Amino acid sequence: MPKLRTIVFFLLIGGLIWFFYEDDYKQGGLTGVWYEMKDDFSNLKDNGQISSTINNLRFELENFFDSVTDDQSDLPPSPNIESPDLTKPSEQSFSIHNIEINDSKSEVENILNDSKRSSLNEYGVDWFTYHDHYQNFVMVAYNDDNEVAGLYTNQDLISSNIDITLENDKNDVREALGEPLDSIKKGFVKYRINDNDEQDTYLIDDNYVTFFYDIHQEDTVSAIQIIAERLENQKDDYFASPGNTLAEGLEYQLYDLTNAARVKFEEPILEWHDASKVTAQNHSEDMAENNYFGHTNLDGQSPFDRLEDDDITFRMAGENLAAGQPSSIYAHQGLMNSKGHRENILNSDFRLMSVGVAFQEDGQPFYTETYLTQ
């Protein structure tokens, strides 16, 4: 397949040369074409914007070739993990994987075994991730008494006494539960929530229950987060206090959330890529420090330019950006509802991923996700 890619590439180049230099060939033959091309390229290389555009075009062509020629036969098939039998919750209105708020950590790990990862979240406690090859994916947070204080899943693991599952949509949720909250109070400040209709939050059983909707699948429920009211009240402001440990936590949470989404849509799991993590981190820091948001930085560099400058080799690449969401979960769910970002998250041809997070002084996070195939 690489041979076919090379042949097609040179045919395209030959066609473009003929299109632009046909008259020069007729007037001066190959020598005339050569000197005219030298003059043109000398002018182009001094124009940074044009040079960047050409690089972007080249990488887009390579991405296209990879999408039609990449051989996935070497990928091991994902194992078929059995789904659990779900029972209705006994103490709460909702449970995830038969786990409820206030259950003990020992009870959870009798059901889910040991966690795959623990990482600091915006509430000042860890998210523990439980899954089997990212199937039956659950995130659990515990309080100081090792009781469940937070739950999340984006897979078909929800059970409730009002029969809300991933098969229901926004209208079903609102019919069952009424109008969602429009704000959460922190001290003397009310923070608006649910201002974009992509999620609804309710206070149920002394828990903040948030339903995330998939706008690309007719507003069906795509995920659920349950946070105990007392855990939410531990968080004084909308954004958490920034720090390196929190940044690393948000990074690995986004990586796990991405793979859980890919498995849900039957796409291969991505491996973590340390080298490009530096590139992602630097871009997040640049955006946070210089107060801008965009794939092209203030030096006019594209994501591809930045990867090349860091000596990252790749056949295809993509980048997702988010800013302003207080958590990895909100950032991920927002990216899943953005068409271009969703395409990167679920792209069958990507093999590697890294994430870099940086904060502004007020704690607002900037997220950069890098996707690669080498």
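**S119.** I began with S119 and asked whether it is buried or exposed. S119 is buried, because its relative accessible area is 8%, and the cut-off for buried is under 20%. This is a predicted model, so I take each value as computed from predicted coordinates. I placed S119 in strand β2, residues 117-120. I then listed what S119 touches, skipping residues up to four places away in sequence: V125, D126, W127, G249 and Q253.

**Overall counts.** I looked up the secondary structure and found 10 helices and 15 strands in the protein. The protein has 374 residues, and buried residues make up 49% of them. I took the accessible surface next, which comes to about 19,100 Å². Carbon and sulfur atoms hold 48% of that surface. For contacts between residues at least 6 apart in sequence, I noted that 62% join residues at least 24 apart.

**Cores.** I asked which residues touch the most other members of the largest nonpolar core. They are F94, L151, Y152 and F211, in a core of 67 residues. Helix α6, residues 244-264, gives the most to this core, with nine residues. Domain 2 (94-234) and domain 3 (244-373) each supply at least three residues to this core. I followed F211 further, leaving aside neighbours within four places in sequence. F211 is in contact with F94, I164, V173, L177, E198, Q199, D200, Y202, V221, A223 and I224. I also found a second, separate core of seven residues, with L307, F314, A317 and L352 among them.

**Helix α7.** I checked the span of α7, which has 17 residues, 274-290. From first C-alpha to last, α7 reaches 25 Å, close to the 24 Å expected at 1.5 Å a residue. I asked which residues of α7 are buried. They are S276, K277, T279, A280, Q281, H283, S284, M287 and A288. An α-helix has 3.6 residues a turn, so residues three or four places apart point the same way. I then asked what the buried residues of α7 pack against. The partners are α6, β12 (271-272), α8 (303-309), β13 (316-323), β14 (352-359) and β15 (365-373).

**H273.** I looked at the loop between β12 and α7, where H273 lies. H273 counts as buried because its relative accessibility is 11%. Its side chain makes a polar contact of 2.8 Å with the side chain of S276, and S276 is one of the buried residues of α7. Leaving aside neighbours within four places in sequence, I found H273 in contact with I312, L352, M353, S354, L372 and Q374. L352 is also a member of the second core.

**V355.** I located V355 in strand β14. V355 counts as buried because its relative accessibility is 0%. I computed the C-alpha separation of V355 and K277 as 5.7 Å, with their positions 78 residues apart in sequence. The contacts of V355, again without neighbours within four places in sequence, are E251, L254, Y255, W272, K277, A280, T368 and E369. Both K277 and A280 are in the buried set of α7.

**Helix α4.** I asked which residue caps the N-terminal end of α4, residues 170-177. D169 does, with a side-chain oxygen 3.1 Å from the backbone nitrogen of N171. Just after α4, I noted that G178 takes a positive phi of about 85°.

**Positive phi outside glycine.** Most residues other than glycine have a negative phi. I therefore looked at E266, whose phi is near 60° and positive although E266 is a residue other than glycine. E266 is found in the loop between α6 and β12, and I log E266 as exposed because its relative accessible area is 75%. N291 also has a positive phi, about 55°, and is not a glycine. N291 follows α7 and sits in the loop between α7 and α8. I log N291 as exposed because its relative accessible area is 59%.

**S83.** My last entry is S83, in the loop between α2 (48-69) and β1 (94-96). S83 is partly exposed, because its relative accessible area is 49%. I found the C-alpha atoms of S83 and N136 separated by 6.7 Å, although the two are 53 residues apart along the chain.

Key. Residues numbered from 1 in each chain as written. Predicted model: local features only at pLDDT ≥ 70, side-chain atom pairs only at ≥ 80, totals over all residues. Heavy atoms only, no water. Core = buried A, V, L, I, M, F, W, Y, C linked by side-chain atoms within 4.5 Å. Buried < 20%, exposed > 50% of the residue type's maximum accessible area, 1.4 Å probe, protein only. Helix = DSSP H or I, 4+ residues; strand = E, 2+ residues; numbered from the N terminus. Domains from an automatic or database assignment. Contact = heavy atoms within 4.5 Å. Areas by Shrake-Rupley, 256 points an atom, 1.4 Å probe, with all protein chains shown as cover. Expected span 1.5 Å × (residues − 1). Polar contact = N/O pair within 3.5 Å; in protein donor to acceptor, adjacent residues only side chain to side chain.
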